[in-house]
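This report covers one protein model, beginning with a single strand and ending with the overall dimensions.

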Amino acid sequence: MDLPVAQVVPTADLYDEYGDTLQSCSLQLRRIGGAARFQGVVSTVRCHRDNALVKAALAEPGEGKVLVVDGGGSLESALVGDLIGASAVANGWAGVVVNGAVRDVVALGTLPLGVLALGSNPRKSAKDGVGDRDVPVAFGGVEFVPGAHLWADEDGILVTRP
């Protein structure tokens, strides 16, 4: 299978061509970042109300990757805000997908970064570093495995199967 990874292709077109060889995320995430369409290789963080690993990951060279953050669906505190978003842009990340909350949504909307999240909450999270990095995470009927490829646009998210 020769999937287009050098450009952002509409997810509907990708699904029409490749069908169930791709996973389709059923979780309806809110589009928050300034880039409506993005794609890249998946890196992951699993954490609950603690964004230290998210901050550390996005401070590293992203090389066009997408960070998938499984916050367990918690809306109790934000896992990404304007400063972490700006760090992601400065370090070359294409996007962040958060199964949880973000904050500073107006500022995130001005950044050339794809940001999808369940919602927002102004409360900041803990900074203890509790969680896991680059492990498979699952939500919305999709298993996000580090090294998989993700495409996101106005229609949703598609991911290569493990």
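Strand β7 (residues 114-120) is largely enclosed by the rest of the structure, because five of its seven residues are buried. Buried stands for under 20% relative accessible area, exposed for over 50%, and partly exposed for values in between, with a 1.4 Å probe and protein chains only. Helices (H or I, at least four residues) and strands (E, at least two) are DSSP runs, numbered from the N terminus.

The model is predicted: local features need pLDDT of at least 70, side-chain atom pairs count only at pLDDT 80 or more, and totals for chains, interfaces and linings use all residues. Residues are numbered from 1 along each chain as its sequence is written, and side-chain values use heavy atoms, with hydrogens and water left out.

Strand β7 pairs with β2 and with β6, as listed below. Two strands pair if DSSP finds at least two bridges between them.

| Partner of β7 | Residues | Sense | Bridges |
|---|---|---|---|
| β2 | 30-31 | antiparallel | two bridges |
| β6 | 95-102 | parallel | six bridges |

In the pairing with β2, R30 has A117 of β7 as its bridge partner. On the β6 side, G95 stands opposite G114 of β7.

Helix α1 spans residues 11-18, and its buried residues are T11, L14 and Y18. These cover an arc of only 60° around the axis, so they lie on the same side of α1. The arc is that of the directions from the helix axis to the C-beta atoms. D16 and E17, on the other side of α1, are exposed. The buried residues of α1 pack against three strands: β1 (22-24), β11 (149-153) and β12 (156-160). Contact here means heavy atoms within 4.5 Å. Just after α1, G19 takes a positive phi of about 50°.

The protein has four helices and 12 strands in total. Of its 162 residues, 49% count as buried. Among contacts with a separation of 6 or more, 74% come from residues 24 or more positions apart.

The radius of gyration is 14 Å, which agrees with the value near 15 Å for a compact globule of 162 residues. This radius is taken over C-alpha atoms, and the globule rule is 2.2 Å times the number of residues to the power 0.38. Along the principal axes, the C-alpha atoms fill a box of roughly 40 × 30 × 25 Å. The protein exposes about 7,200 Å², of which carbon and sulfur atoms supply 50%. Accessible areas come from the Shrake-Rupley method with a 1.4 Å probe; for residues, only the protein chains shown count as cover.
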